[in-house]
Amino acid sequence: MLIPIGISACVIGEKVRFDGGHKQNRFVTEELSEYFKFKPICPEVGIGLPSPRPAIRLLETNGKQRLVGSQDSDQDHTDKMVIFTDKQIPQLQEMCGYIVCAKSPTCGMERVKLYIENGNTVPGGTTGVYTRKLMEQMPWLPVEEDGRLQDPVLRENFVFRVFALNDLYQSIKGNLTRDAIVKFHSRYKLVLMAHNPSLYQTLGRLVATINEWELDEFFIAYRLQFMDAIKCRANIRTNTNVLMHMQGYFKQLLDKKQKAELADLIMNYRKGHLPLLAPLTLFEHYLQLHPNAYLQSQRYLNPYPKELRLRFSL
Ligand code: SF4
């Protein structure tokens, strides 16, 4: 089943930009489309603007950010955009992620140019009007910009979060039970250790109190904290800790030579001489020889389809 995610329509190749063109991202159209079902949205077309159209920008006046014509700031589209966004977001609740177009005053996620009256820009910029509301109203949703998807680490983290949120929804589909959430959480223990050791502890304590909660409320709190935790990117240090933790399961099962080989791969990964895939592949091999239900259930070993090749450069 394809995973539903939202996307700025220009990023998927629709000619909706102010200049009549698009900003198609090939990773999206050629690789992610195998796994994701995209819902393309162009908020500027959504408020009735044509393509091509005069460029618009964000202007700060009297402490408020307005979406106005670049050449004519009396052309104010802010209110229409807010109405469009408020209507659109409730229809996105099933989405497991959102890819937005960088730099756009409407869709940009960060460092969007924010002008002030004298024509200068505010250092650091801001977030596009539509995406700001999206992130405020769905704070658990993985959101990423098309440009940032070129970075292998950011790309892996975004795609992983989309698969994880989809896994959460599938785990409780038509059956939101305490057992389903606890089982989901159990499958992500190593992932959480790698992504955010401190939130791993916090989430563990939260799950331990699940019987004291009204279940719907628990799910909302858990989803937010879980998605927040995996937003932190795993790094060599935290991945090494997880690998060493996994190594402990094989203490009694491997002979001296095999243990040395495994330890060597982990150390070489830690030193940056080998990718994460090297020790993980050996773990997979040892798990074939010595099955372990807990380790084999861990999403850490199998976070998304291998064909995406996202771990090659980690
Ligand atoms: S960045 Fe957003 S508003 Fe601009 S063309 Fe793309 S989808 Fe439309």
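Strands, like helices, are taken here as DSSP runs (E, at least two residues, for strands; H or I, at least four, for helices) and are numbered from the N terminus, and two strands pair if DSSP finds at least two bridges between them. The model shown is predicted, and local features need pLDDT of at least 70, side-chain atom pairs count only at pLDDT 80 or more, while totals for chains, interfaces and linings use all residues. Residues are numbered from 1 along each chain as its sequence is written, and side-chain values use heavy atoms, with hydrogens and water left out.

**View 1. The three-stranded sheet, with Leu-58 of β3 opposite Leu-114 in β6.** This open sheet has the strand order β4-β3-β6 and mixed pairing. Because β4 (64-69) and β6 (114-116) stand at the edges with a single partner strand each, one side of each is left without a neighbour in the sheet. With direction ignored, neighbouring strands are turned by 45° against each other on average, where axes are lines fitted to C-alpha atoms (for helices over the stretch in contact) and angles run from 0 to 180 degrees between N-to-C directions. Strand β3 (residues 56-61) pairs with β4 in the antiparallel sense over six bridges, and with β6 in the parallel sense over three bridges. Leu-58 stands opposite Leu-67 in β4, and the bridge partner of Ile-56 in β4 is Gly-69.

**View 2. The β3-β4 hairpin and the turn at Asn-62.** Two residues lie between the strands of this hairpin, and Asn-62 is found in the loop between β3 and β4. Its phi is near 50°, a positive value in a residue other than glycine. Most residues other than glycine have a negative phi, and most peptide bonds are trans.

**View 3. The cis peptide bond from Ser-51 to Pro-52.** Omega of this bond is near 5°. Pro-52 belongs to the loop between α2 (43-46) and β3.

**View 4. The four-stranded sheet and helix α5.** The strands of this open sheet follow the order β2-β1-β5-β7, with parallel pairing. Its edge strands are β2 (36-41) and β7 (143-145), each of which pairs on one side only, and the twist from one strand to the next averages 25°. Strand β1 (residues 3-8) pairs with strand β5 (residues 98-100) in the parallel sense over two bridges, and Ile-7 has Ile-99 in β5 as its bridge partner. Helix α5 (residues 152-172) lies across β1, β2, β5 and β7, running at about 135° to β1, with contact meaning heavy atoms within 4.5 Å.

**View 5. The ligand and the residues around it.** The shell holds 13 residues, of which the closest are Cys-10, Cys-42, Glu-44, Cys-101 and Cys-107; a residue is near a molecule if one of its heavy atoms lies within 4 Å of it. The shell residues divide into eight nonpolar, two polar and three charged, where Ala, Val, Leu, Ile, Met, Phe, Trp, Tyr, Cys and Pro count as nonpolar, Asp, Glu, Lys and Arg as charged, and the others, Gly among them, as polar.
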